[in-house]
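Please examine the sequence and the model shown below. The explanation after it is written for a reader who wishes to relate individual residues to the fold.

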Amino acid sequence: MLVLLTAYGLLQLAASSVLPQYRKWPAMSTYKKDIDNHTSVADNIIDYILAGPAKGEVYRRLARMTDKFGPRLCGTETLEDAINYMVDEFTQDGLENVRKEAVTVPHWVRGNEKAQLISPRSKDIALLGLGKSIATPKEGITAEALVVRSFDELHARAGEAKGKIVVYNQVWESYGQSVQYRSAGAREAAKVGAVAALVRSAASLSIYSPHTGTLSYQNGIPKIPGACITVEDAELLWRMSQRGENITIYLYMEAETLPDVVSYNVIGEIKGNLFPDEVVLVSGHLDSWDVGQGAMDDGGGAFISWEALSVIHHLGLRPKRTLQVVLWTCEELGLYGGIEYFEKHQKEAQNMNIVMESDMGTFTPQGLQFTGSDEAMKIIQYLASTLLKRLNATDVDDGADLSDVNQWPSIGVPGGSIKVENSEYFYFHHTNGDTMTVQNPDVMDLCTAVWAVTAYALADMEYMLPANRTVTVN
Ligand SMILES: [Zn+2]
């Protein structure tokens with residue numbers, strides 16, 4: 001046993017030894033000259049999108065898909081139908097190496113759900129159960145509410161929580177701050193003996209829409225149902241509780257988790273003509289929540305990624321290295337598509353020039369966001385200031401929003417995202433309001449232009465971005 005373990009341990013050590021890949025990178029002036037040489041092709045791409053055959057096309061394509069399928073929740077046949085539709089679209093569009101890569105994904109089903117305020121007065125409470133939540137008992141849960149503003153307040157009032165429905169009315173500071181209540185609210189409430197958790201939606205503005213999302217349970221802590229409610233109702237319940245009124249709520253949820261199913265990432269390419277093994281990846285996720293149409297989150301990001309390759313292909317352009325578009329599956333329930341792709345392809349890191357994703361809306365573009373070395377940052381800044389100037393998209397922020405491709409920088413691969421004026425993103429995010437009505441055809445064209453010019457230039461420049469990409473040696 002000991003011998004076996006040792007041998008296994010050695011094997012593991014060998015499998016996991018990681019070597020940095022050292023390359024000599026050229027001087028900044030070489031990159032700058034190369035970018036300058038792409039000015040006229042960038043203009044051609046921009047003209048083709050803003051005033052040529054592709055004008056309005058990304059919006060029309062996205063509307064056709066989202067109107068046809070509606071919301072595309074992970075685990076559903078609708079998502080798989082949409083995935084197969086995209087395979088056909090990529091193929092008919094002339095992309096190369098169109099394929100699906102399998103991903104095992106969870107299958108959570110919402111079922112019927114409702115909540116009512118029983119006292120101090122009767123009122124329906126709009127809600128959306130949180131992804132991965134369990135159901136209530138068949139007869140529902142009727143319990144007094146404990147309304148708190150924070151985890152600190154919950155812990156301070158832990159003695160009052162037993163047998164109650166905890167309602168979180170956390171203040172909106174940022175998505176990152178608010179989302180902690182969505183993911184951990186149920187388990188923190190369970191730790192102090194609560195029977196369910198209702199969480200104020202992670203929303204920067206509300207017109208009485210609940211915003212869904214996922215929760216996560218913890219081993220050894222009882223699972224209790226979790227749902228989100230509107231900002232308006234969270235504040236109403238808070239005001240009532242502050243007046244010392246006794247609040248009773250009825251909650252009914254049928255949510256269940258069925259066995260895992262197989263889903264797919266969809267991939268299409270334009271093969272590079274000089275370094276076909278080197279890749280520039282652009283992406284967005286095709287799955288969505290089961291409300292709205294998933295037009296903003298993340299139909300827009302997925303479709304500007306496809307449109308970028310489509311435009312380059314229809315212009316007859318073929319860059320030196322390969323352009324790859326990936327439409328991720330099952331982002332919403334936990335980044336399943338992106339994680340599987342990373343597991344499968346991380347050994348190709350030395351050839352991954354940059355991974356890009358758009359998942360913060362396709363609103364008016366302002367530039368790019370970037371994660372990588374200082375030298376690479378300077379190159380991206382120069383690229384934006386030169387090639388994206390016509391699009392008024394010259395800002396480059398440090399720190400990309402990488403969603404499904406967030407693991408790549410940990411092995412040295414640079415990451416990029418599109419910077420957009422997204423102050424309205426959390427009005428619509430994960431709600432029934434996430435529809436084509438949020439999208440603007442002209443603005444989507446601008447996003448496509450930023451995405452296509454950036455991806456094409458990075459795929460066609462003589463050198464990859466400078467980075468210490470690491471290679472796992474087996
Ligand atoms: Zn998203």
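The paragraphs that follow treat the metal site, the cysteines and one glutamate in turn. The model is a predicted one.

The zinc ion takes its protein donors from His 285 (NE2), Asp 297 (OD) and Asp 359, the last of which is listed twice through OD, at distances of 1.9 to 2.7 Å. Along the chain these donors follow the spacing H-x11-D-x61-D. Because His 285 belongs to strand β12 (residues 275-285) while Asp 359 sits in the loop between β14 (352-357) and β15 (365-371), the pair ties together parts that are 74 residues apart in sequence. Both His 285 and Asp 359 are buried. The arrangement around the zinc ion is irregular, because the four donor atoms subtend angles of 52 to 146 degrees, whereas a tetrahedral site would require all angles to lie between 85 and 135 degrees.

A second link along the chain is covalent: a disulfide joins Cys 74 to Cys 330, with an S to S distance of 2.1 Å. Cys 74 lies in the loop between α4 (57-69) and α5 (77-93), and Cys 330 in the loop between β13 (321-328) and α10 (336-345), so this pair ties together parts that are 256 residues apart in sequence. Cys 74 is buried, at 0% relative accessibility, and Cys 330 is buried at 0% as well. Cys 228, by contrast, is in no disulfide; the nearest cysteine sulfur, that of Cys 330, is 18 Å away. The link of Cys 74 and Cys 330 is left-handed, with -95 degrees about the S-S bond.

Finally, Glu 153 is found in helix α6 (residues 151-156). Glu 153 counts as buried because its relative accessible area is 18%, and buried means under 20%. Beyond residues up to four places away in sequence, Glu 153 touches Val 147, Val 148 and Trp 238.

Definitions and conventions
Residues numbered from 1 in each chain as written. Predicted model: local features only at pLDDT ≥ 70, side-chain atom pairs only at ≥ 80, totals over all residues. Heavy atoms only, no water. Donors = N, O, S within 2.8 Å, 3.2 Å for Na, K, Ca; no water. Tetrahedral: all angles 85-135°; square planar, octahedral: opposite > 155°, others 65-115°. Helix = DSSP H or I, 4+ residues; strand = E, 2+ residues; numbered from the N terminus. Buried < 20%, exposed > 50% of the residue type's maximum accessible area, 1.4 Å probe, protein only. Contact = heavy atoms within 4.5 Å. Disulfide = S-S within 2.5 Å.
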